[in-house]
Amino acid sequence: MQSGKQLSTSIDADVPTAARMYDYYLGGKDNYAADRAACEELDKVVPSTRALALNNRRFLQRVVRTLAADYGIRQFLDHGSGLPTQDNVHQVAQGVDPSSRVVYVDNDPMVLVHGRALLDQNEQTAVIQADMRDTDGIFSHPDTRRLIDLSQPVAALFVSVMHCLPDSETDGPEALARRVAERLAPGSFMVMCQLVSEDPEVRDFVTGFMDRTTQGHWGRVRQEKDVARLFAGMEILEPGLVEVSSWRPDSEVAPRQLTQEWIEFGGVGRLR
């Protein structure tokens, strides 16, 4: 994707966004009636979505804590970060080591407004507005250059965002994962998961619904084999690529999906 593409700075309350719908599922307040209505329609066909969103958020928190505490990672680049909520990446990482540095990336102008307000007093963290496919623009951004030392290991996060990308040889999930991995030092990590279903009817319904609802800001629901290809050439941390609530769970007390029509699937890969 071309670096420096101009993104909208206006917030359209009438068109749902994936970030605001996710915020609603997590119990947040930074969403509009259009987002809530879209979630209600989605729930009619895929009723497990709220539990899926909660489990996905907890996966993100466990991954960040694990990488910071057990693998010494002090740099995090969170692509498609979404709206800030409780226990964000910087809070988890800096809870392990206050020197941890985090750059959040999102194309939603609402994320930029709320994120910058939240992080106004945190010099170790920044929020930049960019399309997550704009690797050149993200890595050359002044805040990224200020906070991220690319000669040292970095954790690049793509948590529940790859399904927002259409298939493309140059800008699809596989191309993006390769492009980012090439920028990172050996010993870095790629954290990736996305919505998958082995039921073609579910895949077709959700893909079509979300594409119409977000006015084209969507990719597709994929299969587990598609996610596995994102990790080509990487060492996959135990327990491998899994439904995310089963990735190193720290408690048996967690929301359970009552149905399995779709799941969040992925894991953590280490670059050699």
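Three helices contribute to the lining of the largest cavity in this predicted model. Helices α3 (49-70), α4 and α5 each supply at least two residues of that lining. Helix α5 gives the most, with three residues. The space enclosed by the largest cavity is about 110 Å³. In total, 16 residues line the largest cavity. Those nearest its centre are S81, G82, P84, N88 and Y104. By class, nine of the lining residues are nonpolar, five are polar and two are charged.

The count of cavities of 30 Å³ or more comes to two. The second largest cavity holds about 40 Å³ of space. Its lining consists of A19, Y22, D23, L26, S81, G82, L83 and T85. Four of these residues are nonpolar, three are polar and one is charged. S81 and G82 appear in the linings of both cavities. In the largest cavity, S81 and G82 belong to the group nearest the centre.

Two of the helices that line the largest cavity, α4 and α5, also connect strands. Helix α4 spans residues 89-96 and lies on the path from strand β1 to strand β2. Helix α5 spans residues 109-118 and lies on the path from β2 to strand β3.

Strand β2 covers residues 101-106. Of its six residues, five are buried, so that the strand is mostly covered. On one side of the pairing scheme, β2 is joined to β1 (residues 75-79) by five bridges. These two strands run parallel. Within β2, V102 is the bridge partner of F76. The chain passes from β1 through α4 to β2, and this β-α-β crossover is right-handed.

Strand β2 also pairs with β3 (residues 125-129). Five bridges join β2 to β3, and the strands run parallel. Here V102 stands opposite T125 of β3. V102 is thus placed against F76 and against T125. The chain then crosses from β2 through α5 to β3. This β-α-β crossover is right-handed as well.

The strand and cavity descriptions meet at Y104. Y104 falls within the residue range of β2, 101-106, and lies among the residues nearest the centre of the largest cavity.

How values were computed: Residues numbered from 1 in each chain as written. Predicted model: local features only at pLDDT ≥ 70, side-chain atom pairs only at ≥ 80, totals over all residues. Heavy atoms only, no water. Buried < 20%, exposed > 50% of the residue type's maximum accessible area, 1.4 Å probe, protein only. Helix = DSSP H or I, 4+ residues; strand = E, 2+ residues; numbered from the N terminus. Pairing = 2+ DSSP bridges. Right-handed = clockwise from strand over helix to strand, strands pointing away. 1 Å grid on protein atoms, 1.4 Å probe; cavity = no way out; pocket = protein on both sides within 12 Å on 5 of 7 lines; lining within 4 Å. Points joined across faces, edges and corners; volume = space filled by probe spheres on them. Nonpolar A, V, L, I, M, F, W, Y, C, P; charged D, E, K, R; others polar.
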